[in-house]
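Visitor: I am new to this structure. Please pick one part of it and give me a close look, including what packs around it.

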Amino acid sequence: MGIKINALKCTNCMACEMVCSYHRDDGFAFLSACIVAYRAREKKDYFGVLLKEEEVLIVARPEGLEINKIGEEADPDKKADASAKPMLLREGCDLCEDMDDYGPMCIAFCPVDAITLD
Amino acid sequence: MEYLSTDKILVIDLGTGDIEQDEIDEGLVQEKIGGIGMTTYLYEKYEKDEPIIIGTGLLSGTTYPSSASGQITAKSQVTGKLCHCPVIYKVGLEIKYSGFDYIVVKGKSDKPVYLWVHDGVADISDASGLWGKNVWESTDELRKFVGDDLLQTMIIGPAGEKGSNFAQVCFNHWSSPDRFGFGKVFGGKKLKGLAFRGMGMIEVAEPEDFVQRSLEILKDIKENSFLGNKGVGAMLGALKEDGMGDYLDPVTHRHSADYFTPYATNTALFLDEDPGLLPESKKDEPGILVSDIYALAAFKKLGLSVKDTGLALKACAKYGIDPFAVATLCGKTTLADITGSFDTIRGEVAIPGRGLFTSWCPVRPIFNDFGLSSEDETLAWWERRQAVAMIFGIQPMFALMCPEITENNLLELANLGTGLELSQDTLDAVVQHICG
């Protein structure tokens with residue numbers, strides 16, 4: 001069981017990022033979310049979602065899903081954004097196991113149902 | 001103020017270079033609530049210094065659906081009135097998380113400056129290298145200088161520097177709801193703009209109840225069928241601007257939303273790129289993000305092709321001029337003539353009602369019937385709806401669509417979030433003071 005992201009449905013509203021961080025911090029912040037609305041290519045209208053799981057980093061791009069095993073050498077042809085969040089230092093997704101009333105918060109709060117349970 | 005707040009008001013004097021920070025008194029929140037309730041209070045407090053007040057709503061940047069908006073409050077040199085411009089996209093959010101609920105900018109600088117506001121710190125920085133650059137160049141340069149593509153900006157272009165009555169304060173690269181010529185106010189202070197970035201945290205008095213109620217409200221909103229629509233074309237369709245969907249289809253790329261806003265109020269048009277492209281474009285500037293539905297419709301009415309409409313909107317965003325004013329006042333009908341007319345536009349853009357709120361927002365409901373019958377009733381509803389949205393920090397266009405956003409649940413969440421006891425009487429008094 002895991003999180004499934006439809007990047008084409010995503011409207012880049014950041015709700016997932018906010019509630020994921022709330023799950024970790026019990027306050028409103030964007031500090032420790034393991035799911036992040038990717039929005040660094042604003043002029044190109046290019047956006048998607050990053051999700052860190054225990055062993056992989058999932059990049060849900062409009063053109064498709066990319067799954068990168070954490071620890072493997074990065075593709076030298078792909079340039080990281082200067083603002084890339086230190087996702088790899090954050091805790092991986094635990095499907096909000098302690099949030100009994102909600103299940104995964106990003107799924108519950110996504111206004112456009114772009115995130116579902118696989 | 002412990003909850004839903006950074007507890008900080010930043011007071012900057014451009015004339016002396018002094019920067020001060022005030023705490024936010026809980027009693028003041030109990031009296032003024034937040035957003036334009038507070039920015040109006042701060043404007044009155046510092047009025048002799050002709051201030052610009054930048055603020056956030058009491059619920060901005062929380063889990064309350066559509067809590068995206070900040071505000072700019074200033075006296076418009078065009079209308080002579082105190083006006084309130086919503087801060088949209090993700091810029092309003094970033095103000096609060098950069099460490100301040102409110103920013104007072106008073107006085108006038110001798111040389112061009114910008115304000116760099118980040119993680120509870122603010123600096124007045126030299127903008128002589130930015131002065132003369134357009135909005136896109138300025139935002140790009142600031143992001144490059146700071147090394148952060150997520151830096152959020154309020155910025156003016158050549159229109160504001162030259163003192164055009166139609167100069168906008170733009171957000172990042174894009175046109176804004178500013179119909180008040182606030183770009184001219186910035187330019188008159190030699191203020192090129194503000195840059196925001198922060199990783200703050202907002203504490204909540206009753207976090208579990210706040211989040212639970214937020215989700216219940218979101219679920220109610222999602223039951224409403226209007227969320228089956230997306231983007232500016234559908235909004236114009238709902239407002240009976242016929243043919244807009246077909247007009248936009250050939251250049252529509254994707255729709256996007258302001259922070260946590262269930263309806264995607266922004267539409268990206270690709271002008272020299274395949275709009276069906278899914279991978280990242282290799283072109284640096286393939287198009288334009290559109291949020292101003294009336295500017296879009298006005299350029300169409302001039303007889304422009306959709307591509308030329310997009311190019312006109314892009315040119316306005318770069319120059320930092322109100323595209324609706326350009327479209328309705330320029331008297332031109334070709335792209336070259338329109339973009340060549342920016343410095344010569346004269347006339348007036350009508351501001352509805354008491355002239356406090358922007359006509360960027362339609363003066364009527366969108367998609368849903370709010371049970372309004374007469375024009376007078378609709379105008380009164382619109383002004384109150386705009387005031388309430390900008391007190392709490394709700395995306396003002398979404399507030400006109402969504403009946404599930406009520407004064408009752410805004411107050412309920414504000415009380416859960418702050419631990420205060422804000423009442424309907426308090427809200428009525430704040431709205432009365434703002435609207436007169």
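Guide: What follows is an account of one helix of chain B, its two helix partners, and a helix of chain A that one of these partners helps to cover.

The model is predicted, so local features need pLDDT of at least 70 and side-chain atom pairs count only at pLDDT 80 or more, while totals for chains, interfaces and linings use all residues. Residues are numbered from 1 along each chain as its sequence is written, chains are lettered from A and ligands numbered from 1 in the order in which they are written, and side-chain values use heavy atoms, with hydrogens and water left out.

The part is helix α16 of chain B, residues 407–418. Helices (H or I, at least four residues) and strands (E, at least two) are DSSP runs, numbered from the N terminus.

One partner is α14(B), residues 375–392, whose axis comes within 11 Å of that of α16(B) and crosses it at roughly 15°. Axes here are lines fitted to C-alpha atoms, for helices over the stretch in contact, and angles run from 0 to 180 degrees between N-to-C directions. The two helices are therefore roughly parallel; angles under 35 degrees count as roughly parallel, over 145 as roughly antiparallel, 65 to 115 as roughly perpendicular and the rest as oblique. The crossing of α14(B) and α16(B) is left-handed, a word used if the near helix is turned anticlockwise from the far one by less than a right angle, with right-handed used if clockwise.

On the α14(B) side of the contact (heavy atoms within 4.5 Å) are B:Arg384, B:Val388 and B:Phe392, and on the α16(B) side B:Glu407, B:Leu410, B:Leu411 and B:Ala414. By class, five of these residues are nonpolar, none polar and two charged. Ala, Val, Leu, Ile, Met, Phe, Trp, Tyr, Cys and Pro count as nonpolar, Asp, Glu, Lys and Arg as charged, and the others, Gly among them, as polar. An α-helix has 3.6 residues a turn, so residues three or four places apart point the same way.

The other partner is α7(B), which packs against α16(B) at an angle of about 160°, with the axes 9 Å apart. These two are therefore roughly antiparallel, and their crossing is left-handed. From α16(B), the residues in contact are B:Asn409, B:Glu412, B:Leu413, B:Leu416 and B:Gly417; from α7(B), they are B:Asp209, B:Phe210, B:Arg213, B:Ser214 and B:Ile217. This contact divides into four nonpolar, three polar and three charged residues.

Helix α7(B), residues 207–222, also leads to chain A, where it is part of what covers the buried residues of α1(A). The cover includes α3 (91–97) of chain B as well, together with β2 (35–41), α2 (105–109) and β6 (115–117) of chain A. Helix α1(A), residues 15–25, has nine of its 11 residues buried, where buried means under 20% relative accessible area, exposed over 50% and partly exposed in between (1.4 Å probe, protein chains only). Among the buried ones are A:Cys16, A:Met18, A:Cys20 and A:Tyr22, and also A:Glu17 and A:His23. Just after α1(A), A:Asp26 takes a positive phi of about 60°.

As for chain A itself, two helices and six strands make it up, in the order β-α-β-β-β-β-α-β from the N terminus on. Of its 118 residues, 58% count as buried.
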